[in-house]
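Please walk me through this model in the viewer, stop by stop. At each stop, tell me what to select and what is found there.

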Amino acid sequence: MRLSRRGLLRAGLAPAAATALGGLAAGCAVPTGSTGRNMVLWYWDGGLGDTVVEKARARYDSTVDLQAIKIGGYYRSKLITTMTGRARIPDIAGLKGEDMASYLPNAGQFVDLRTLGADKYRSRYLSWKWDQGIADDGTMVGFPIDCGPVAHFYQYDVFRRAGLPYEPADVSRELNTWERFFAAGERLKKRIPGTSLLTDVNSVFENAVQQGGKRYVDKDRRFIGDQEHVRAAWALAVEAKRRGIVSDFVNGTPDQLSAIQDGKLPSQLNASWATNDIKSGVPKTKGRWRVAQMPVRPSNNGGSFLSITKACREPERAFQIITWILDAANQAQGFVDAGLFPSTPASYGLKQLREPDPFFGGQVTMDVFGPAAQKIAVAYNSPFDVALGQPLKDEIKNVGVLGKDPKKAWSDAMSTCRRIADHLGVSH
């Protein structure tokens with residue numbers, strides 16, 4: 001099971017992407033995108049619903065030959081390389097949500113979607129998601145595809161046997177704080193020996209940070225990863241380790257999958273797209289799972305965008321295609337096809353998203369994910385967040401997996417962050 005199918009984020013990649021694109025500031029003297037009827041769309045496997053893409057080809061066939069190309073491997077690197085080389089640049093390009101901040105400083109390489117009338121669509125999309133696609137200068141680079149509201153996945157029968165609340169509404173209500181969540185983990189371990197509430201401490205740390213309105217770098221290009229919002233998330237993760245509610249398994253390994261299947265890891269905090277990962281990774285657990293709200297408030301993990309590059313010769317037509325692909329009905333289809341959770345609230349009430357899911361015991365999971373998506377805190381998305389957040393994620397993992405002293409781990413994380421900040425020109 002790929003419990004993190006959005007990919008691993010490594011330190012320094014976002015700034016590197018920003019630097020690479022920065023070399024394009026002068027733009028292309030000759031457009032290198034579509035010619036005549038040809039229009040090229042780049043995305044990655046699972047980035048859009050296949051049904052919707054095929055319908056778009058048919059719908060616009062009389063005016064444009066839409067070539068939708070799935071790009072394998074390191075998508076961001078390939079897109080940057082293509083744009084830097086100024087040849088065969090796609091007209092429409094998907095931009096992964098975790099990479100979005102690295103594209104915004106180079107908004108000039110993309111068409112400002114506001115100039116094509118994007119503002120009239122704003123009210124149809126989650127406001128926080130819409131804002132993530134806008135650069136500091138107001139240029140709209142990305143049009144929202146999906147988002148990834150995080151919820152609490154748990155195995156119904158295991159919770160019931162442990163004497164914990166087990167109906168989704170009860171789990172949401174009674175485990176609505178981190179303290180109550182941790183206490184439930186202690187009761188679970190005591191009553192069913194060998195079980196752990198969570199795989200690792202990182203799920204606590206990263207989700208706690210994501211619950212708030214600040215990350216690691218602010219708008220003034222200042223490192224804020226040493227402030228209280230990060231310290232509190234760190235302390236929660238350390239507490240989870242101290243109280244023994246996390247396992248010794250490494251996320252995504254065969255041992256972890258076996259533990260999930262055996263009910264030894266009956267709980268996880270994960271994004272909406274993880275429903276497909278669980279179904280494909282541990283299919284024998286069908287019917288055991290339910291979904292509840294996560295403690296305190298939801299966070300978000302993942303979600304991407306479509307953009308129009310400056311190489312596009314027919315931006316108005318490209319925008320027409322984008323807005324059709326990403327309307328409420330088609331986003332609902334994208335959820336059915338690829339687990340892409342809609343950024344359009346109007347989708348949440350559509351019939352195809354209201355079907356009971358047998359894998360989740362007949363639960364209508366939209367009743368959890370829909371409200372969660374609308375409660376995500378708005379946070380500034382800096383192009384340096386990835387680089388300056390990674391040392392903290394690495395060190396809290398060392399605490400959880402290797403048993404490293406938390407104080408030493410924090411000190412080492414801060415030292416690394418300061419070195420990276422100095423290299424990137426971020427004050428601290």
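**The five-stranded sheet**

Start with the open sheet of this predicted model. Select its five strands, which lie in the order β2-β1-β3-β9-β4 with mixed pairing. The edges are β2 (65–70) and β4 (143–144), each of which pairs on one side only. Now add helix α13, residues 315–325, which packs on this sheet and touches β1 (38–43), β2, β3 (92–95), β4 and β9. The direction of α13 makes about 170 degrees with that of β9.

**Around β9**

Next, show β9 (residues 305–308) together with β4; the two strands run antiparallel and are joined by two bridges. Label P144 and you will find F305 of β9 opposite. F143 has L306 of β9 as its bridge partner.

Turn to the pairing of β9 with β3. These strands also run antiparallel, with four bridges between them. A93 stands opposite S307, and L95 stands opposite F305.

Which way do the residues of β9 point? Display the side chains: F305 and S307 point one way, L306 and I308 the other way, and all are buried. Do likewise for β3, where both faces are covered. I92 and G94 are buried on one side, and A93 and L95 are buried on the other.

Move on to β1, which runs parallel to β3 and is joined to that strand by two bridges. Pick W42 here; the bridge partner of W42 in β3 is A93.

**The loop before β9**

Select G303, in the loop between β8 (289–292) and β9. Is G303 buried or exposed? The relative accessible area of G303 is 3%, under the 20% cut-off, so G303 counts as buried. Add M100 and draw a distance between the two C-alpha atoms: G303 and M100 are 203 residues apart along the chain, and these atoms are separated by 9.8 Å.

**The three-stranded sheet**

Strand β8 leads to another open sheet, with three strands in the order β7-β6-β8 and antiparallel pairing. Its edge strands are β7 (267–271) and β8, each pairing on one side only. Ignoring direction, neighbouring strands in this sheet are turned by 30 degrees against each other on average. Zoom in on β6 (residues 150–155) and β8, which run antiparallel with four bridges joining them. Label H152, whose bridge partner in β8 is A292. Then add helix α12, residues 274–281, which packs on the sheet and touches β6, β7 and β8. The direction of α12 makes about 130 degrees with that of β7.

**A pair of helices**

Hide the sheets and select helix α2 (residues 50–59) with helix α14 (residues 328–338). Their axes come within 7 Å and cross at roughly 135 degrees. How are the two helices oriented to each other? Angles over 145 degrees count as roughly antiparallel and 65 to 115 as roughly perpendicular; α2 and α14 are therefore oblique. To see the contact, show D50, T51 and V52 of α2, and N330, Q333, G334 and D337 of α14.

**The nonpolar cores**

In soluble globular proteins, nonpolar side chains tend to be buried together. The largest nonpolar core in this model has 78 residues. Select F205, W234, L388 and L392, the members that touch the most others in this core. Helix α17 (residues 406–424) gives the most to this core, with seven residues.

Stay on W234 and show what surrounds this residue. Leaving out residues up to four places away in sequence, W234 touches F205, L392, E395, I396, V399, P406, A409 and W410. A second, separate core holds 51 residues, including W42, V53, A56 and V64. Two of these were within earlier selections: W42 when viewing β1, and V53 as part of the range of α2.

**Cysteines**

Finish with the cysteines. How many disulfides does a search of the whole structure find? The count is zero. Select C312, which has a relative accessible area of 8% and is buried. C417 is also buried, with a relative accessible area of 0%.

Methods
Residues numbered from 1 in each chain as written. Predicted model: local features only at pLDDT ≥ 70, side-chain atom pairs only at ≥ 80, totals over all residues. Heavy atoms only, no water. Pairing = 2+ DSSP bridges. Contact = heavy atoms within 4.5 Å. Axes fitted to C-alpha atoms, helices over the stretch in contact; angles between N-to-C directions. Buried < 20%, exposed > 50% of the residue type's maximum accessible area, 1.4 Å probe, protein only. Core = buried A, V, L, I, M, F, W, Y, C linked by side-chain atoms within 4.5 Å. Disulfide = S-S within 2.5 Å. Parallel < 35°, antiparallel > 145°, perpendicular 65-115°, else oblique.
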